[in-house]
Amino acid sequence: MAQNYYQKEIETMSAEEMRKLQSEKLVKQVKHVYENVEYYRNLMDEKGVKPEDIRGIEDLHKLPFISKADLRDAYPYGLLAKPLEDCVRIQSTSGTTGRRVVAFYTQNDIDLWEDCCARAIVAAGGSNKDVCQVAYGYGLFTGGPGLNGGSHKVGCLTLPMSSGNTERQIQFMTDLSATILCCTPSYAAYIGETLKEQGYKPEDIPLKAGIFGAEPWTEEMRRGIENTLGIKAYDIYGLTETTGPGVAFECSEQTGMHINEDHFYAEIIDPDTGEVLPEGSKGELVFTSLDKEAFPLLRYRTRDICVLSRKKCSCGRTLVKMAKPMGRTDDMLIIRGVNVFPSQIETVLLNEGYEPNYQIIVDRVNNNDTFEVNVEMTAEKFTDKLSDIIAMEKSLANAMKTMLGINPSVHLVAPKSIARSEGKAVRVIDKRKLI
Amino acid sequence: MAIKQLTVYVQNKKGAMASLTDVLAKNDVNIRALSIAETEDFGLLRIIVDNETAATKILEENSYLIKAIDVVGVKIGDKPGALTGALDVLDKAGIDVEYLYAFMARTEKHAYVVLRVEDNGAAEAALEGAGYHLITNADICKL
């Protein structure tokens with residue numbers, strides 16, 4: 001498949017050139033931050049690091065980390081690096097885990113962000129011949145504005161639908177022959193189901209590609225969406241703290257997301273020690289904004305756990321790739337010394353034909369961790385033979401052991417006996433913390 | 001010829017069985033025979049009722065997980081060795097019994113055995129060939 005790039009020179013730059021570019025930008029950025037952000041200056045002074053100590057990417061590890069807690073402490077203006085007169089926009093997080101994060105943008109910040117989204121759209125096969133339906137929420141949420149801007153830059157005819165009103169989404173999609181859909185994966189699945197109910201077959205749907213992100217989704221979910229809509233579904237990654245969607249995006253290979261590393265330098269660290277880990281290690285993803293003017297975060301701890309890879313990509317892009325985040329440091333459980341993410345359990349359940357409704361119960365008995373997983377029995381799998389049900393539990397436990405490396409005890413429980421998520425589901429009960 | 005058996009998933013917790021039988025009772029369903037297989041976490045309640053259509057409807061409405069299957073019912077004598085005799089017949093015919101349960105009639109000198117096997121037809125033929133009387137849901141209701 002012929003590859004198109006939005007900014008070919010950057011997207012296919014050699015590793016050495018990229019590192020040189022990143023180093024130059026970092027030196028400038030550290031100086032900018034140190035001079036203009038008191039909060040950061042104090043952090044650096046505490047650590048005894050001066051801007052002149054940072055001469056390139058190789059010195060990045062000397063800088064202090066910044067975390068979500070710092071963003072809350074500094075709310076709203078504490079991390080602002082430009083006078084408000086130079087800022088043209090704010091975007092904000094949903095604030096589900098506490099105080100909202102408010103991020104500021106200069107016009108240049110917006111331009112670079114939209115470039116990042118444009119790279120994602122082109123990587124998904126988009127061009128000025130496409131009709132791009134943006135069904136992410138518009139407003140404070142970065143999803144809508146980011147992809148909207150990217151779509152304009154690529155020259156797509158942009159349908160600024162925002163999320164919701166599925167009937168209208170479908171009407172515009174079919175009447176105006178939308179070819180690219182941008183929204184959350186769960187909304188894409190919902191639109192797909194609704195189209196199916198209305199009698200649309202994949203070949204009747206004009207879409208060819210979807211750019212989905214802003215929430216965790218599994219490979220199985222991807223295949224489901226691709227089959228229902230008859231499209232190729234591309235993952236996109238981003239966070240308001242660094243800019244919004246477009247920090248990383250997937251290409252035709254669909255084996256991880258290319259990080260726009262000319263703007264966002266990525267590190268993987270050990271979440272416990274803060275030590276930088278070599279390429280290919282699993283750890284916490286940390287981003288440094290190399291170009292952001294108004295809200296430049298240096299070494300921001302995302303709490304997402306993932307792996308970076310510089311393996312050659314068939315799309316020709318040389319930008320480093322990140323695996324889909326495997327979970328969050330705050331979700332991660334350590335059971336018998338092994339890192340376990342609830343998302344891994346979910347993947348096993350979907351693979352084995354169960355509903356992704358489960359509860360993990362961890363306890364400590366005689367200094368040993370116990371690890372139980374309750375899973376709801378389904379009507380299709382239910383049988384009158386006890387031996388078959390016990391065999392199903394064993395087979396699920398084996399599949400989980402293959403995925404996790406440790407053996408859980410699996411219990412098939414009555415349907416609807418695990419509380420449905422109202423807001424956030426209680427997926428994990430860790431009784432060890434109560435002792 | 002076979003008998004319809006309902007298997008219901010029952011969570012192993014206090015009152016679960018009572019609330020299930022209560023649902024049946026309130027809807028006038030009479031349990032004629034029952035057996036339970038249980039693990040630490042759950043039980044499988046296998047029942048034969050006088051009105052299996054009504055029971056299925058009620059249980060489904062109350063979100064119970066149920067499975068209806070055909071099982072074999074056979075009449076045997078109410079005396080030592082009677083069950084062995086019937087099982088020998090199946091054994092000789094090469095039929096494995098997954099599980100079984102038995103109950104007695106109130107008036108006759110007979111017992112009844114419910115057998116879960118893979119091939120109902122083969123089991124029925126073997127038992128009938130050996131002179132056993134098979135029973136149906138209707139027979140059970142009359143007992």
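## Exercises on a two-chain predicted model

Of the 143 residues in chain B, 27% count as buried. Keep in mind that the model is predicted.

**Exercise 1.** Work out what share of chain A is buried, and set it beside the figure for chain B.

*Solution.* Start with the criterion: a residue is buried if 20 or more other C-beta atoms lie within 10 Å of its own. Applied to the 435 residues of chain A, this gives 42% buried. For chain B the figure is 27%.

**Exercise 2.** Describe the secondary structure of chain B, then count the elements of chain A.

*Solution.* Chain B has five helices and seven strands. Walking from its N terminus, you meet them as β-α-β-β-α-β-α-β-β-α-β-α. Turning to chain A, you should find 11 helices and 21 strands.

**Exercise 3.** Take contacts between residues at least 6 apart in sequence, and find the percentage that joins residues at least 24 apart in each chain.

*Solution.* In chain A, 65% of these contacts do so. In chain B, the result is 67%.

**Exercise 4.** Trace the open four-stranded sheet of chain A and explain why β10 and β15 each have a side without a neighbour.

*Solution.* First, write down the strand order, β10-β11-β12-β15, with antiparallel pairing. Next, look at the edges: β10 (264-269) and β15 (327-328) of chain A each have a single partner strand, so one side of each lacks a neighbour in the sheet. Now move to β11 (residues 283-289) and β12 (residues 300-306) of chain A, an antiparallel pair joined by four bridges. Finally, pick out one residue pair: A:F287 has A:Y300 of β12(A) as its bridge partner.

Notes. Residues numbered from 1 in each chain as written. Chains lettered and ligands numbered in written order. Predicted model: local features only at pLDDT ≥ 70, side-chain atom pairs only at ≥ 80, totals over all residues. Helix = DSSP H or I, 4+ residues; strand = E, 2+ residues; numbered from the N terminus. Buried ≥ 20, exposed ≤ 12 C-beta atoms within 10 Å, placed from the backbone. Contact = placed C-beta atoms within 7 Å. Pairing = 2+ DSSP bridges.
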